[in-house]
Amino acid sequence: MKIYLSADIEGTCGIVDWSETILENELSNQIRSQMTKEVSEACTAAGEVGANEVLVKDAHDSARNIDPTMLPECAKIFRGWSKDPQVMVSGLDSSFDACLFTGYHSAAFTDGNPLAHTMDLDFSYIKINDKIASEFTFNAYACAYHKVPVAFLSGDEELCEAAKELNPNIITVPVLKGYGNGSISIHPNLALEKINTGVKDALQGDLSRHLIKLPNHFKVEIRYKEHYKAFKASFYPNMKKLDAHTVLFETDDYFEVLRMLLFI
């Protein structure tokens, strides 16, 4: 069994402040250690139920957050950014049996996490077909594009609830919840236990139950905080400017959505 794992940091157990997400800031040391432990636990669990290869994408900021020495030997790690349209799921293709997500967070324009955002802090929100979309949404659809089941997600509580709307069979493990500008987390060791159990449950049985249906058409509405950034984005091919802060892109091909996001 060949597994893909995409790891972010803003949904890691215990996180609450942007300073804890920055590689060069010593305040991030504990959270990056927990991020690594959560990834390692997911990889170990996958190996225990038959995965002989897990490709881990370090998918936060510098993409140099995870300590490779703490991962099991079944894991390969993809560090840095290739600059291709798949970004946080770069290297994903139809050869993988399932995809796992750890450390993911709620979307911009929601209150499920004090660090809620989508892709870039420039955006007030991004919607797909009139619904607020998270980074998980975009990456889950990339999995659907390749017909790879989305088996597991850990992160904040609101995102875990939203993920069930894409497919109620996705196994989710909420490790924290937002409370205003704060967060309430479970114990870090308990988070590891729950991730281990959740991944094992997710990867046993018929994995096709985790497949997400890809929409036939994509209407992507993007609202910028700064008007001039919407103006600039409006020059992307087939992009329509709705107002001073908002642009709209439509296509039937999901890869064109990913390409657009890369360039704007």
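# Strands, rings and cores

Trainee: How many bridges pair strand S11 (residues 239-241) with S12 in the antiparallel sense?
Mentor: Start with the terms: strands (E, at least two residues) and helices (H or I, at least four) are DSSP runs, numbered from the N terminus. Two strands pair if DSSP finds at least two bridges between them. For S11 and S12, which pair in the antiparallel sense, the number of bridges is 3.

Trainee: Good to know before we go on: what kind of model is this?
Mentor: Residues are numbered from 1 along each chain as its sequence is written, and side-chain values use heavy atoms, with hydrogens and water left out. Local features need pLDDT of at least 70, side-chain atom pairs count only at pLDDT 80 or more, and totals for chains, interfaces and linings use all residues, as the model is predicted.

Trainee: Back to S11 and S12, then. Which residue of S12 is the bridge partner of Lys240?
Mentor: The two strands form a hairpin, with 4 residues between them. Look across from Lys240 to S12, and the bridge partner there is Leu248.

Trainee: Which residue of S12 stands opposite Phe218?
Mentor: S12 also pairs with strand S10 (residues 218-224): the two run antiparallel and are joined by 6 bridges. Opposite Phe218 in S12 stands Thr251.

Trainee: How many of the 6 residues of S12 are buried?
Mentor: Buried means under 20% relative accessible area, exposed means over 50%, and partly exposed is in between (1.4 Å probe, protein chains only). S12 spans residues 246-251 and is mostly covered, with a buried count of 5.

Trainee: Let's turn to S2. Which residue of S2 stands opposite Ala7?
Mentor: Strand S1 (residues 2-7) is joined to S2 (residues 53-58) by 6 bridges, and here the strands run parallel. Together with helix H1 (residues 29-48), they make a right-handed β-α-β unit (right-handed: with the strands pointing away from the viewer, the path from the first strand over the helix to the second runs clockwise). Opposite Ala7 in S2 is Asp58.

Trainee: Which residue of strand S3 stands opposite Leu55?
Mentor: S2 pairs with S3 (residues 75-78) as well, in the parallel sense over 4 bridges. S2 is mostly covered too, as 5 of its 6 residues are buried. Across from Leu55, in S3, is Lys76.

Trainee: Now the rings. How far apart, centre to centre, are Phe123 and Tyr224?
Mentor: The structure holds 12 aromatic pairs (rings of Phe, Tyr and Trp, the latter by its six-membered ring, with centres within 6.5 Å; planes under 30 degrees apart are stacked, over 60 edge-to-face, the rest tilted). Phe123 and Tyr224 form an edge-to-face pair with 65 degrees between the planes. Phe123 lies in strand S5 (residues 123-128) and Tyr224 in S10, so the pair links distant parts of the chain, 101 residues apart. Centre to centre, these two rings are 5.0 Å apart.

Trainee: Why does the pair of Tyr141 and Tyr254 tie together separate parts, and how many residues apart are they in sequence?
Mentor: Tyr141 and Tyr254 form an edge-to-face pair, 5.8 Å centre to centre with 80 degrees between the planes. Tyr141 is buried at 10% relative accessible area, and Tyr254 is buried at 1%. Because Tyr141 lies in helix H2 (residues 135-145) and Tyr254 in helix H6 (residues 254-263), the parts tied together are apart in sequence by 113 residues.

Trainee: Which ring does the charged end of Lys127 sit over?
Mentor: A charge sits over a ring if NZ of Lys or CZ of Arg is within 6 Å of the ring centre and within 35 degrees of the ring normal. Lys57 gives one case, lying over the face of Phe78 at 4.8 Å from the ring centre. For Lys127, at 4.9 Å from the centre, the ring is that of Tyr125.

Trainee: How many residues are in the largest nonpolar core?
Mentor: A nonpolar core is a set of buried Ala, Val, Leu, Ile, Met, Phe, Trp, Tyr and Cys residues joined through side-chain atoms within 4.5 Å. Phe101, Phe136, Leu153 and Ile222 have the most contacts inside the largest one, and H2 gives its largest share, 7 residues. Apart from it lies another core of 34 residues, including Ile9 and Val56. The number of residues in the largest core is 44.

Trainee: Last one: is Asn238 buried or exposed?
Mentor: Asn238 is found in the loop between helix H5 (227-233) and S11. Its phi is near 70 degrees, a positive value in a residue other than glycine. Because its relative accessibility is 70%, Asn238 counts as exposed.
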